[in-house]
Amino acid sequence: ATGATALGPAILSSIELASKGAPGSTVMICTDGIANIGIGSLDCKIEESKMFYDTLALKAKEKNVSVNLVTIKG
């Protein structure tokens, strides 16, 4: 994870886009890095980031959107 990964904004915008589709839509996020830039960055203020991702989970549930996160190493 040497580059910039804006995971928070990616998930947020994906949930919003998927919620415009059919009920029960799914978001699939594949990443090779840690969320280290933008909203939801895990580089600092871990407690704030945890609250941000908890809020995203509630938003996805509210909009009937499933979110799958796949991490890739190597």
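**Close-ups of a predicted model**

**View A. Asn 64 sits in the loop that links α2 to β2 (66–71).** This is a predicted model, and here we zoom in on one loop residue. The backbone at Asn 64 is worth a look: its phi is near 60°, a positive value in a residue that isn't glycine. Is Asn 64 buried, exposed or partly exposed? It counts as partly exposed, because its relative accessibility is 43%, which falls between the 20% and 50% cut-offs.

**View B. Ser 25 is in the loop between α1 (7–19) and β1 (26–31).** Ser 25 comes out at 16% relative accessibility, so it counts as buried; the cut-off for that label is under 20%. What does Ser 25 touch, once neighbours within four places in sequence are set aside? Its contacts are Ala 18, Asn 64, Val 65 and Ser 66, so the Asn 64 of View A turns up here again. With Ala 18 there's also a polar pairing: a polar atom of the Ser 25 side chain lies 3.4 Å from the backbone oxygen of Ala 18.

**View C. The largest nonpolar core is made up of 12 residues.** Among them are Leu 7, Ile 11, Ile 15, Val 27, Ile 29, Phe 52, Tyr 53 and Leu 56. Ala 18 and Val 65, both contacts of Ser 25, belong to this core too. Which elements give two or more residues to it? Those are α1, β1 and α2 (46–62).

**View D. Here we follow one core residue, Phe 52.** Skipping neighbours within four places in sequence, Phe 52 is in contact with Gly 8, Ile 39 and Gly 40.

Technical notes: Residues are numbered from 1 along each chain as its sequence is written. This is a predicted model: local features need pLDDT of at least 70, side-chain atom pairs count only at pLDDT 80 or more; totals for chains, interfaces and linings use all residues. Side-chain values use heavy atoms; hydrogens and water are left out. Helices (H or I, at least four residues) and strands (E, at least two) are DSSP runs, numbered from the N terminus. Buried means under 20% relative accessible area, exposed over 50%, partly exposed in between (1.4 Å probe, protein chains only). A polar contact is a pair of N or O atoms within 3.5 Å; within protein, one must be able to donate a hydrogen and the other to accept it, and residues adjacent in sequence count only if both atoms are side-chain atoms. Contact means heavy atoms within 4.5 Å. A nonpolar core is a set of buried Ala, Val, Leu, Ile, Met, Phe, Trp, Tyr and Cys residues joined through side-chain atoms within 4.5 Å.
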